[in-house]
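Biologist: Before we start, show me the model. I would like to learn how to read its charged pairs and its chain contact.

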Amino acid sequence: MRNLIYWAAALIGLAIMPWLVPASWVVVLSKMLIAALFALAFNLLSGQAGMLSFGHAAYFATGTFATLHLMQAAEAGLSVPTPLLPIAGMIAGLICGLVCGVFATMRSGVYFSMITLAIAELFYNLAPNMHDLFGGEGGISSFRLPWAGITFGTDMQVYYLVAGWTALATALLYYYTTTPFGRLTLALRENEQRVRFLGFNAYQSRILVFSVSAMLSGLAGGLLAVTNESANYVLFEIGSSANVVLDTFIGGSGVFLGPALGAVLLTGFSYTVSDATSLVLLYEGVLFILVMIYAPQGLGGALVALKGPILSGRWPKLVAPFAVVLTAAAGATVAFVFTVELLDRFFSTEHFGRMHDRQMLLPVEFANHQWHVLSPVTWGIPLLLAIASVGLFRIGIRRSKSTWSEVTR
Amino acid sequence: MEFVVISALNGISYGMLLFMVSAGLTLIFGMMGVINFAHAAFYMLGAYFGYAITLILGFWVGLVISPLIVAAIGVAMERLLLRPVAAHGHSHQILITFGAALIIGELVKVFFGAFSVPYQIPQELHFAAFTVFGTQYPFYRVLMGAVSLAMFAMLYGLLQWTRIGIIVRAAVRQPAMAEALGHNVPMVFTFVFAVGAWLAGVAGALGGAFFTTNPNLGLDLAVIVFVVVVVGGLGSIKGAFVASMLIGLISSFSVGFDTSLADLAGLFGLRAQAEAIGGLMVLKLSSIAASIPIIIMLIVLLLRPAGLMGERQ
């Protein structure tokens with residue numbers, strides 16, 4: 001019963017979200033949902049089945065291109081209801097997943113990860129050469145056709161299409177975890193040999209899990225095709241696969257909606273910050289490593305773990321050490337971002353070129369202020385801040401750990 | 001005939017370079033059970049540091065110092081990143097090295113820009129070693145091959161005939177037992193990590209001057225090195241050697257072939273139909289040369305799933 005309330009609340013939240021954000025952000029919401037669905041599909045394979053795939057973008061992008069081809073066919077006259085377009089992505093993802101899964105699941109553990117990476121790289125190398133399928137440099141584009149009186153011309157309508165499919169797929173994924181095969185998936189992660197002893201064909205089961213994950217990744221890709229109306233082979237690059245790995249593990253792969261949380265946060269972060277800096281991937285990578293070391297169950301897992309202290313009423317004890325840790329983290333973040341942004345601007349070709357022309361060291365402009373390269377202010381402040389923050393952070397982490405074990409005893 | 005000989009020589013020197021990188025990777029995996037995603041990033045760092053130091057102190061100084069810096073970074077990574085999460089299991093460690101590889105790639109872009117840098121072999125090495133079939137064969141390729149061979153001999157000698165070598169081999173096979181016998185196994189781990197990173201740094205400082213040096217190296221080479229270890233079998237240095245040679249030779253040979261599947265179909269009189277299908281059928285071997293290692297890997301997986309030389313479990 002409680003679950004139903006959560007689901008209903010989530011659906012209502014999804015429905016009213018686009019009205020609460022500025023108009024330019026509605027398309028970002030769609031992108032967030034697509035990334036969330038992709039991360040959930042990825043987690044089915046990597047978190048639940050324990051098969052870490054580093055090349056999942058291949059199935060996502062295959063879905064995107066398949067859907068674009070269907071959209072082009074619809075333009076040419078084939079009668080396809082627009083909301084059903086992403087099904088092409090599902091089917092393409094499923095087929096691709098079956099074929100690649102046969103190879104990839106032959107090995108397990110690190111071999112599996114390396115094979116998935118290699119398969120994604122193979123797609124990335126072959127794609128620019130196959131112009132009919134992937135459109136070369138320019139890629140493929142199409143447009144959404146109206147259906148049943150809805151034009152699908154506004155961001156809002158596209159958002160509801162994406163949200164509907166995402167909600168459906170998430171519900172299906174949740175239902176999957178309650179089925180016997182969902183349990184078998186967890187068993188594959190825990191002890192594959194036992195699964196074999198129980199009489200199941202582990203190889204076939206792994207192919208099946210791989211294919212389901214690829215199918216839903218293809219669905220997410222199809223939704224991207226409908227949202228963006230175009231794509232090119234750059235979708236196959238390893239950066240896309242890296243993004244879904246970051247999303248999933250920052251959000252927490254042990255919690256069902258953890259990857260979705262991570263995807264939403266990182267997509268939002270990337271959209272907010274990418275105007276100001278080109279180092280978004282660096283910050284995401286550092287955040288990823290920090291989460292892996294200090295919050296190994298991910299942000300979602302940490303939130304779920306907080307449920308215990310909150311329900312037992314002993315959470316006030318955690319406020320002080322957590323505040324120390326957060327302050328220290330903020331300080332270290334400021335120092336790090338400042339230093340890296342300054343270095344980025346100093347070492348950029350324009351700045352170097354200007355310095356070469358004038359044969360002297362020039363100050364770097366950042367945040368409406370000129371920072372002189374050799375001035376102690378430029379280096380001293382971030383350095384002191386960093387040292388103080390790291391020291392405070394370590395103290396805070398120690399206190400947090402001991403307080404946590406007290407509170408959860 | 002000329003093509004065969006030149007391609008074979010090229011393939012061998014490229015294969016030796018691959019071996020230098022994959023030997024370190026396979027050692028680290030055999031020892032820690034962790035596949036170091038950042039290993040190809042070490043190669044990239046070796047190339048970039050080599051470039052930077054060459055600008056100030058010259059090529060040979062760069063060749064010596066750059067791998068040492070990379071080894072230091074390797075030690076730092078092992079201590080600061082891998083040790084704290086060792087308790088959480090192997091997949092956690094793999095993910096951390098993945099994050100490290102991403103960060104290293106981005107930092108390289110900050111300092112050196114997003115495009116390739118002009119790291120070139122010095123003028124004094126720009127001569128021909130010998131002439132074969134009227135074509136001059138560059139000395140630098142011979143140098144790369146010779147250095148790789150020397151590294152392999154040194155590594156083999158170190159492991160087989162020295163006291164440190166036997167401790168390392170014991171720690172690789174049975175870390176708990178080696179620790180129980182009183183050896184400082186964590187120190188051995190750090191040492192092997194440093195040696196692996198150093199090897200990758202040497203390969204980078206050498207190879208980066210000859211081949212391109214760009215921020216995507218960390219990833220492009222990672223895929224090829226991973227293919228080498230999957231084909232050769234992780235944990236086996238001999239397997240890494242055989243697989244590196246195989247991949248190096250096949251890559252070199254395939255660049256020269258303009259054949260495609262349609263040509264193959266032509267042997268059966270089906271050329272026109274194959275060309276009508278287009279797409280994959282008319283793709284020339286030379287244009288997908290970068291994908292050949294991956295296709296080899298898929299074929300080997302079908303025929304011998306355990307890799308060519310098997311691996312220690």
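**Salt bridges and the chain contact**

Modeller: The side chains of R144(A) and E229(A) form a salt bridge at 3.9 Å, N to O. The term means a side-chain nitrogen of Lys or Arg within 4 Å of a carboxyl oxygen of Asp or Glu. This is a predicted model, where local features need pLDDT of at least 70, side-chain atom pairs count only at pLDDT 80 or more, and totals for chains, interfaces and linings use all residues. Residues are numbered from 1 along each chain as its sequence is written, chains are lettered from A in the order in which they are written, and side-chain values use heavy atoms, leaving out hydrogens and water.

Biologist: Which parts does the pair R144(A) and E229(A) tie together?

Modeller: Side chains of opposite charge can pair when their charged atoms come close. R144(A) lies in the loop between strand 1 (140-141) and helix 7 (155-178) of chain A, and E229(A) in the loop between helix 10 (202-228) and strand 2 (230-231), so the bridge links parts 85 residues apart in sequence. Helices (H or I, at least four residues) and strands (E, at least two) are DSSP runs, numbered from the N terminus.

Biologist: How is the size of an interface given?

Modeller: Often as the accessible area lost when the parts come together. Chain B and chain A bury about 4,000 Å² between them, counted with a 1.4 Å probe and summed over both. Of that area, 83% is on carbon and sulfur atoms.

Biologist: How many salt bridges are there between chain B and chain A?

Modeller: Zero, although the whole structure has eight over all chains.

Methods. Buried area is the accessible area (1.4 Å probe) that two parts lose on being put together, summed over both.
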